[in-house]
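Let's take a walk through this structure together, starting with the chain as a whole and then moving to one small group of residues. Have the sequence and the 3D view ready.

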Amino acid sequence: MPTLPKRPLIALAVLAALLAAWLGFAAWYDHSRRADERPTTYSALIEQAGRGEIASITFANGSGHAVAADGGRYRVVMPVTDDLLKEMRAHKVAIAFDEGPGGLMAQTVSVLDRVAPFLVVALLIGGLLMSGGQFFGMGRATRVRPEDTNTVFADVAGVDEAKEELRETVQFLKDPRRFAMAGARVPKGILLVGPPGTGKTMLAKAAAGEAGVPFFAASGSDFVEMFVGLGAARVRSLFKTARANAPCILFIDEIDALAGKRGESTSHSEREQTLNQLLVEMDGIVEGGEVVVIAATNRSEMLDAAVLRPGRFDRHIHVGLPDVAGREAILGVHAGRLTLAPDVCARTVARGTPGFSGAELANLTNEAALSAARQGRVIVTMADYEAAKDRVLMGTERRSLALTAHERRLIAVHEAGHALVSLRCPQADPIHKATIIPRGGALGMVVRLPEGDRVSVSRAKLMADIAVAMAGRAAEELAFGSDQVTTGAEADFRAATDLARRMVTAWGMSEEIGFVAHAAAEPGARSERTAWRIDEEVRRITDEGMEHARRLLRTDRAALDGIAHALLERETLTGGEIAELADRQEERATEAA
Ligand code: ADP
Ligand code: ZN
């Protein structure tokens, strides 16, 4: 959303306040100046003048203001006629006329009336100058400041992979020449992807802290402007500041606000210009310059493809929600400044807070300390943590915490099923990790790594993928019986059915149907009988996948249970850990035999 530039707004507010103060003063002044005037009548005044008691009279705006010889002041409503003037002169009264409407207030209003149009124009120009920053050769981007970089990697817990990936960046910033001499190209654009509050800002700051270089921060939304060219000018000045302070880290939070997909916004050309400027600056930094730009987003799929192209933000680091061990570590970091009672068990608190981000755990710790303080205690107890958890949860609907132990076991078994079958099907994509940390709509998931961009896919791989999809439900059945299975497999079935249907109608992989491209045919072009046979074939293929999954899981039951158990304990397992667990169960089984 476009916003008004902030500085002109402040200037406007100050001006309005000054004007109001002036008008207030004018009203008071007008009042007090005339406060000692006594109203009198026309005829009474003429009589007084006749007695020689009136020294002067000033006509303004239809009234006369008279000053008597003894200092008394009178006000009278009177027409100014030639006769009146003659009479006054005859009595030696000094006559004056006030120009225009009388009073400070009235004069102010009339002046404002005349200058208002100029004032508006001046304000607009002033606004442009101030927010345009160096675009107009004055002012500077104020939101950029080198922040204290006391933060180090030890302050950020539970994100070891991300820290590992950033170590090279730290090395580069510490000693850029070493990399240059080796002819190595270090990624200058790093994108941190993950939900809010997982420590992305902290990581960037810690990288600067570890390298001992300045840290500049800005947010993508700072560059969303109403006036064309302003956003681009801000980007330019931001990068200029960074280059002048190199080596340094430039952090851009919420980069999606600045570099979202094109053509989705109303103020089109402004966004386009700002984005283009960012691309130009990134390219300049990659060419040379000891600036590393770290950007953060929680939706990388929203970013314009040009931003992600090689040489720009081409290094992506995922910063996910912490698992139970990560949560324990984060709680430890934040509890560092508290005095804990011996009954506080970080492990237990971590277990009770699945799906909490680092920021929420920091908040939880603070709430616990507050809870103790409210009762006049210095020592924080487990009860304080419990109370804090309730407070933090208030208002946040979190399905995962409402899960019963039985439901968690079901989810663990389901995900373990996917993981084990994909491990046992060499054709399927390898497992990256399995998790039962809820995210988005899913209660758990198995992340697989597709091996590069495939041009074509074999029938064997498709069958393996279908078996892997079926394995979640198959595992539930095996562990809990067929009347205990859940609705959790809906998305799995949709994926499997979709693959099977395309095998039959598009890829000619069903002997029964043959090599007819039914998918491309006109709707209604196929006979009812053919439609029925297609459905039968799809069903046969998904059934075959289900049978395959069941067979694999039945023969490997111990491995299934082992993985499910480990998932319940640790919430997240890497592909390597899953393979290890499966192998260990196998060894045990052969030993026993
Ligand atoms: P993000 O940039 O991902 O939205 P921040 O880095 O701003 O998150 O984190 C906000 C706050 O949450 C931090 O100041 C810190 O107190 C806490 N926090 C978040 N993640 C972690 C973590 N991994 N370790 C320790 N504290 C964390
Ligand atoms: Zn599933």
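What follows goes from the overall make-up of the chain to a site listed in a record.

Please keep in mind that this is a predicted model. The chain has 593 residues, and 42% of them count as buried. Its secondary structure comprises 22 helices and 15 strands. If you look at contacts with a sequence separation of 6 or more, 73% of them join residues 24 or more positions apart. On the outside, the chain exposes about 31,000 Å², with carbon and sulfur atoms supplying 56% of that area.

Now let's turn to the site. An unreviewed UniProt entry lists H414, H418 and D492 under "binding site". These residues are spread over 79 residues of sequence, yet they cluster in space, with a largest C-alpha distance of 10.9 Å.

Start with H414, which you will find in helix 17, spanning residues 405-424. Is this residue buried or exposed? H414 counts as buried because its relative accessibility is 6%, below the 20% cut-off. Leaving aside residues up to four places away in sequence, H414 touches G472, R473, E476, G488, A489 and D492.

The last of those names takes us to helix 19, residues 490-505, where D492 is found. D492 has a relative accessible area of 15%, so it is buried too. With residues up to four places away in sequence again left out, D492 touches H414, H418 and A469. Which side chain does the side chain of D492 meet in a polar contact? The partner is the side chain of H414, at 3.1 Å.

Key: Residues numbered from 1 in each chain as written. Chains lettered and ligands numbered in written order. Predicted model: local features only at pLDDT ≥ 70, side-chain atom pairs only at ≥ 80, totals over all residues. Heavy atoms only, no water. UniProt positions renumbered as here; feature names shortened; annotations may be inferred. Helix = DSSP H or I, 4+ residues; strand = E, 2+ residues; numbered from the N terminus. Buried < 20%, exposed > 50% of the residue type's maximum accessible area, 1.4 Å probe, protein only. Contact = heavy atoms within 4.5 Å. Polar contact = N/O pair within 3.5 Å; in protein donor to acceptor, adjacent residues only side chain to side chain. Areas by Shrake-Rupley, 256 points an atom, 1.4 Å probe, with all protein chains shown as cover.
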